[in-house]
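Welcome to a short set of exercises with worked solutions. Please keep the sequence and the 3D view open side by side, and try each task before reading on.

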Amino acid sequence: MVTVHQPVQNSTDQQHTRHRAERTNQVDVNLNDVIAAQEDIFVRRQPNSAHLAAAARQHLAGGVTSSWQITAPQPVWLSHGRGSKVYDVDGNEYVDLHGGYGAALAGHGHPAIAEAIATQVTRGTHFAQPTPNAVAVARELARRFGLPRWRFANSGTEATMDAVHLMRSITGRDLIIKIEGCYHGHHDSVQVSVAPEPEQAGPADQPNSAPSSTGIPKAITDLTLVATFNDLGSVARLLETHKDQVAGMIIEPIMMNAGIIKPEPGYLASLKTLLHQHHALLTFDEVKTGLTVGPGGVTRQEDVQPDVITLAKSLGGGVSVAAIGGTEAVMDHVATGGYEMVGTFNGNPLAMAATRAMLTEVATPDAYETIDKLSERAKTGIEQAIAASNLTAHVVTAGAKGCVVFAAEPVTSYRGFLGVDDRYSHAHWLYQHNGGVFLPPWGKIEQWLISVQHDEADIDRLIANFGVFARAAQPDR
Ligand SMILES: Cc1ncc(COP(=O)(O)O)c(C=O)c1O
């Protein structure tokens, strides 16, 4: 996810203008023209969205329900979703690969999720007392991720906030380490160096702790130290410089808020060893990766068990829920009252019913197998289109997630990602959108999500649109 450095624009037209203004600084006039033409088509296809956006601005701040819904050329207002598709208020159909920023692994209206919710609604939607489904969910998460004990929350932000509190509470230390370019939600301790501009970022081998939002006291930002992904030395240096002061480190084990950046072999295991040598803890933030890269997240794929895992997004089959898993030592601290992990809606019965269905009936081994085949089809098809064009790009996939990176070489950390020309991603997004495929907005930052309800025809629409885009956007030969 991007971070809003400037006060949020309160008009989508202004936002549109801002994006255009940035692009006029670029030299590749052809690509700018391609973008302008596609944005015009985009806006012409969606008059009802434009009317709704204008009306909404009267009572919704910025005319949307989250600042990241303000996207150029204008926010898309949706009417409904069904299976692998969503439909906008102008009646346009899209193959939904946006997936609600990675939360719709179940697709839309999945019968198992619908039934679980419908049944629970008639039996009560909130008690603030535990229900049997919570045990079933915790047991299944323990089986998948290998951590024995769990608690629940309502969003990824709450889960990572609890994880950071826990690491501090257990160690009695104040400092934490995070990775430059990782996003962990919008609480104070992790709104640091999420997407710093080059002038804020500091030296590559010793990144600054750059504030990623207004409204956060500098004293709190200063407690978050920043390291470089895939660079063990940058973490070792921080641990030495701040000896016995670091509570732990939080990391997306595959970076997914800067395209997709994978850990180099052995990196995550060495990180754990290093942190433990300094009596510091390790949290894997698997909010995005947890259910989407495979049944047991990166944790199982890489066979590295952290002290804490956070999950959210696709966990609840589209219902808002999060989970925090921990080792026995970590969760004993909670069980014995060393840290009070609380929340009125934690373990909400509706969320637990949907999550149980998600884990036992939707995200099944067969479903992952199908998704892997579709992912391979997307990668192969798009790579063929890249090879047939003059574009510099490659495809990165991780289970249900994937993206096109408009660079020649694999990106290994945030600094490499910064150098990727975002205009290609925006142009690609527009071509897909106008061609009936809804990818997540925000250019090079986000990835597609293939749900359990997508099929080959959906993926073929993605590939076909990419071919049209590649022919239009390729530089002159
Ligand atoms: C890795 C990661 N962690 C945490 C969060 C925060 O989750 P939420 O938006 O549910 O608060 C996000 C959201 O994009 C995320 O990508």
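**Exercise 1. Decide whether Leu374 is buried or exposed, then describe its surroundings.**

Step 1. Leu374 has a relative accessible area of 5%, so this residue is buried; buried means under 20% relative accessible area, exposed over 50% and partly exposed in between, with a 1.4 Å probe and protein chains only. Before going further, note that this is a predicted model, in which local features need pLDDT of at least 70 and side-chain atom pairs count only at pLDDT 80 or more, while totals for chains, interfaces and linings use all residues. Residues are numbered from 1 along each chain as its sequence is written, and side-chain values use heavy atoms, with hydrogens and water left out.

Step 2. Find the element: Leu374 lies in helix H15, residues 365-387. Helices (H or I, at least four residues) and strands (E, at least two) are DSSP runs, numbered from the N terminus.

Step 3. Look for neighbours, where contact means heavy atoms within 4.5 Å. Setting aside residues up to four places away in sequence, Leu374 touches Ile450, His454, Asp455, Glu456 and Ile459.

Step 4. Check one distance: Gly399 is 25 residues from Leu374 along the chain, and their C-alpha atoms are separated by 9.5 Å.

**Exercise 2. Repeat the analysis for Leu274 and Ser49.**

Step 1. Leu274 belongs to helix H11, residues 267-277. With a relative accessible area of 13%, Leu274 is buried.

Step 2. Beyond its neighbours within four places in sequence, Leu274 is in contact with Leu232, Val235, Ala236 and Leu239. Leu97, in turn, is 177 residues from Leu274 in sequence and 38 Å from it in space, C-alpha to C-alpha.

Step 3. Ser49 sits in helix H3, residues 47-56. Its relative accessibility is 0%, so Ser49 counts as buried.

Step 4. Not counting residues up to four places away in sequence, Ser49 touches Gln74, Pro75, Val76, Trp77, Val89 and Asp90.

**Exercise 3. Work out which strands pair with E5 and how its faces are covered.**

Step 1. Start with burial: five of the five residues of E5 (residues 175-179) are buried. Leu175, Ile177 and Ile179 cover one side, and Ile176 and Lys178 are buried on the other.

Step 2. Now pair the strand, remembering that two strands pair if DSSP finds at least two bridges between them. Strands of a sheet pair through backbone hydrogen bonds, either parallel or antiparallel.

Step 3. E5 runs parallel to E7 (residues 246-251), joined by four bridges; here Ile177 stands opposite Met249. E5 also runs parallel to E6 (residues 224-227), again with four bridges, and Lys178 has Val226 as its bridge partner there.

**Exercise 4. Do the same for E10, and state the sense of each pairing.**

Step 1. In E10 (residues 322-326), five of the five residues are buried. One side holds Ala322, Ile324 and Gly326, the other Ala323 and Gly325.

Step 2. E4 (residues 149-153) pairs with E10 in the antiparallel sense over five bridges, and Trp150 has Gly325 as its bridge partner.

Step 3. E9 (residues 308-311) and E10 also run antiparallel, with four bridges; Val308 stands opposite Gly326.

**Exercise 5. Which strands stand at the edges of the open sheet that contains E13?**

Step 1. Write the order: the four strands run E1-E2-E3-E13, with mixed pairing.

Step 2. E1 (78-82) and E13 (437-438) are the edge strands; each has a single partner strand, so one side of each is left without a neighbour in the sheet.

Step 3. Inspect the E13 end: E3 (residues 93-96) and E13 run parallel, joined by two bridges, with Val95 opposite Val437.

**Exercise 6. Compare the radius of gyration of the protein chain with that of a compact globule.**

Step 1. The radius is taken over C-alpha atoms, and the globule rule is 2.2 Å times the number of residues to the power 0.38.

Step 2. For 477 residues a compact globule would have a radius near 23 Å; the protein chain has 22 Å, which agrees. Its C-alpha trace spans about 60 × 55 × 45 Å along the principal axes.

Step 3. Add the overall picture: the protein chain has 18 helices and 14 strands, and 58% of its residues count as buried. Among contacts with a separation of 6 or more, 73% join residues 24 or more positions apart.
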